[in-house]
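Me: I've got a sequence and a structure on my screen and I'd like to talk them through. Can you take my questions one by one?

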Amino acid sequence: MAFNQERFDRLIQKLEVFANKQPHLYKLHVAFLATLGYAYIFLVLAVTLTLLVSIIFLMLNAQSVNASSLKGVIFLLVFALVLVRSLWVSFPPPTGLPLQPKDVPNLYSLTNEISSKLKAPRFHHILLTNDFNAAVVQRPRLGLLGWQQNYLIVGLPLMLALPPEQFRAVLAHELGHLSGNHSRFSGWIYRQRETWYRIIKGLGQGGNEVSSLIFERFLTWYSPFFNAYSFVLARMDEYEADRCALELTGEQNAAEALINVEVKARFLERYFWSSIYKQVETEIEPPKMTYMAMQQALSQRLHQEITSSYLMEALTKETNNADTHPCLTDRLKALGYIFNPQQELAIFAPIEISAAQKLLGNRLEKFIAHFSQTWREEIATPWRQKYADLQQSIATLKDLNQKAKTQQLTLDEATQRAFLTFEFEGEEAVIPLLQEIIHRDAHHASANYLLGQILLNKQDKTGIEYIERAIEQDSSIVIEGCQTICYFLQQQGKIKEAKSYQERAVNYHELILKAQEERSSVREKDKLESHTVSDIEVNKLRQQFSHHPDIKTAYLVQKNMQFFPEKPFYVLALKREVSFLEGIHETDHSKLVNSLLQENEFLGNVFIFILNDYLNMEKKLKRIPNSMIYQKKGKK
C-alpha cells in the first residue's frame, strides 16, 4: 500500500494520542521498530553467509569447481560485502570554529554547569558557527557500535541576538536532548533515524535486481512506519527539552528566548542581510565588517513595526508534520506562558550585554573579525558579478525609459522595465507601469502578482483580486499567493477568511506532495504510453547517447499522471554494456545518470533508470509504439 502524505498525517495523529495516553508502551513500540530493521538486515546477511559457506563446502567435498558454482560464490560474496558496507555507517564530524576552554572559560563553565544539573554528558568539542542556531550532535565513532563523541554547536549570530539568561535557556533546551533524566532513549532513537537514512542509501547503492527484490518490499513498509513513530517521539522530546529550559531558567526566560529567536531569525534573514546585499548596487566590493554591523543591529531595539509583524507571523503559524519542532504558540502554551502584547517592548529592549559578550569575553572581537573575513572571501566573486549585472540592468532601464518617451514598448520590454523599476526605485514608482501592462494584458501573471503584493502591503484589499488573477495563470504561485493573502487578512482581523486561504495553501501543498510521490518512481504496474517529445529533442538525445559508448539501447516513454497531468512526466530507460561485477554496483550507473542530467536541460523533467537493474521492464517498453529512440550501431 502506498504510504502517501495523507496517510502519514493520519498515522501521526493516532500516534500522538497513543503516546500521550501510554508513553511507556509507546516507547516500547518505537524500540521494537528500531531493532526490527537491524534484525531483518542481519537475517538476510546470515542467510547469505550460510549459502556462501554451504556452496564452498559442497565444492570442497566434490573436489571440483564448475562455472555456475563459482559465479554463485562471487555473487553471494559481493552481495554480503554490499550489506556489510551498508551497515558500516560513518558520521562525518560537524564543522565549525573549535573553541578551547582556555579561550572561552565562561562558555565552558556554563555548559558544564547545565550538563551537571541535567545529568547530560560533557562535551568533547564546542564549535562556533555563523548560523543563527544552537545544536547538540552525538557522533558515534564506531558507527552502529556507538562510542559517542559529543559536540555542542553554537552560532555567533544567536549569541549576539540574546541576553545571557535567554541564551542559557537555549543551551538548557539543547542539552535537554541529552539529559539523563529522560532523554537518553530519545537520543538513541534520534541517532537510529539518522543511521537508517544512511543504511537505506547504502542499500540503494547495491544497485542489483536481487537486492531490490529482497529489500524493496520490506523498506517500503518499514521506513514510513519507523519514521512516523520516531517523528512523534522527536516532537515529544522537543517539549521535554523546553521543560528542561523552564526548570533551569524560569518560565519568563525560557518563553522570551523562544520569542526572541523566532523574531530575530526573521529580522536577520529579511532585513539585516537584505540591507547588506543591497549595497551591491553601489559598492563593487562586499563590506568588510559585516558581523560587527550585525552585533550593532541586534543589540539595539528593533523597530516596533518590524517586531510586531514578525511576531504576529510566528504566533499564527501552526504545528505541522513537515518539522518535528512544534510551533511557537504550542511551545509557549506548554510552558504555561501567556503572551501579553504589552510585554513586547520589554522582550525586545536593547541588549546591554549580549550572551556573546559575556561568554566569549575578549575573544569576541577576534571571532567577529574571523567570520566577517570568511564571509567576505566567500562572497567576493559572486558579489562582483552581481555588481556588474546590476550596472548592466541600470543601463538597460535607462535605455528602456528613454525608448518609452518616443514609442510604445513591446509587452516583454514593458515587463522588463517595470521589474527593473521596482528593483531600483521601489513600489510607488512601479505601480503605474504595472497598471499599464495589465491594461494591455489583463491576465499577465507576473504583473498582476507584483501589483497585488504592493497593494496588500499598502493595506489595500483590492490586491487580493490581482493575486487571484495571477494564480489562475500560474499554478506555481498558488501557495505563496494564498499565504500572502492569508497574512494580509490576519492583519485585518478577518481570521475566518484568512483560514480559508491557509487551508487552500495546505491542500495545494498536499497535491504537490502527491504529485512528487507519483513522479518519484516508475514501476511495472504503472501505465506508460508513447512520448510527446519533439523530434528535435529526440535527435539531441540520440546525439548525446552516441558520446557514451556503454549505452546499448534507450527507450523514451511517458507515464500517465493522476496529479497535474498537464505537466508531462517522461521516463528514460537505458540499457548498458557492463561486466558481471560492474552490474552489481550502482556507482557507475550514477555517474552515467548524473552526466546525462548535466549535459541536457530537457532531462531535468525525466525519470532515468538503468534497464540492467529492471530486466522485466524492457519487454513492456518494447510494446509501446516509438519507445525505442536509440540503439548502438552494431547492436540488435
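Me: How many disulfides are there in this one?
Reply: Keep in mind that this is a predicted model. A disulfide needs two cysteine sulfur atoms within 2.5 Å. Take Cys 486: the closest cysteine sulfur, in Cys 482, is 8.8 Å away, so that is too far for a bond. By this rule the count is zero.

Me: And is Cys 486 buried or exposed?
Reply: Buried means under 20% relative accessible area. Cys 486 has a relative accessible area of 7%, so it falls under that cut-off. Cys 244 goes the same way at 2%, and the word for Cys 486 is buried.

Me: Which helix gives the largest share of the largest nonpolar core?
Reply: That core has 70 residues, and those touching the most other members are Leu 107, Leu 128, Leu 156, Met 159, Phe 167 and Leu 360. The largest share of this core is eleven residues, and they come from helix H9 (residues 251-278).

Me: How many residues are in the other core, the one with Ala 34 and Phe 218?
Reply: This core lies apart from the largest one. Its members include Leu 45 and Ile 189 as well as the two you name. The count is 28 residues.

Me: Leaving aside neighbours within four places in sequence, what is Leu 156 in contact with?
Reply: Leu 156 is one of the residues that touch the most other members of the largest core. Its contacts include Leu 128, Thr 129, Asp 131 and Tyr 291. The others are Ala 356, Leu 360, Leu 364, Phe 367, Ile 368 and Phe 371.

Me: How far apart in space are Gly 176 and Ala 241, C-alpha to C-alpha?
Reply: Gly 176 sits in helix H6 (residues 164-176) and is buried, with a relative accessible area of 0%. Along the sequence, Gly 176 and Ala 241 are 65 residues apart. In space, C-alpha to C-alpha, the distance is 4.6 Å.

Me: Which helices do the buried residues of H19 pack against?
Reply: Not every residue of H19 is tucked away: Glu 472 belongs to this helix (residues 463-473) and counts as exposed at 63% relative accessibility. The buried ones are Gly 463, Ile 464, Tyr 466, Ile 467, Glu 468, Ala 470 and Ile 471. They pack against helices H17 (427-440), H18 (445-457), H20 (478-491) and H21 (495-518).

Me: Why are Lys 117 and Glu 113 separated by about one helical turn?
Reply: These two form a salt bridge, with the closest N and O atoms 3.2 Å apart. Glu 113 is partly exposed, at 31% relative accessible area. The separation is about one helical turn because Lys 117 and Glu 113 are four residues apart in helix H4 (residues 105-118).

Me: How far apart, N to O, are the side chains of Lys 540 and Glu 537 in their salt bridge?
Reply: Both are in helix H22 (residues 535-545), three residues apart. Lys 540 is partly exposed at 46%, and so is Glu 537 at 23%. A salt bridge has to be within 4 Å, and this one comes in at 3.9 Å.

Me: Which residues do shared salt bridge partners join into one network?
Reply: Side chains of opposite charge can pair when their charged atoms come close. A search of the whole structure finds 19 salt bridges. Those that share partners make one network of Glu 262, Arg 266, Arg 270 and Glu 313.

Technical notes: Residues numbered from 1 in each chain as written. Predicted model: local features only at pLDDT ≥ 70, side-chain atom pairs only at ≥ 80, totals over all residues. Heavy atoms only, no water. Core = buried A, V, L, I, M, F, W, Y, C linked by side-chain atoms within 4.5 Å. Buried < 20%, exposed > 50% of the residue type's maximum accessible area, 1.4 Å probe, protein only. Helix = DSSP H or I, 4+ residues; strand = E, 2+ residues; numbered from the N terminus. Contact = heavy atoms within 4.5 Å.
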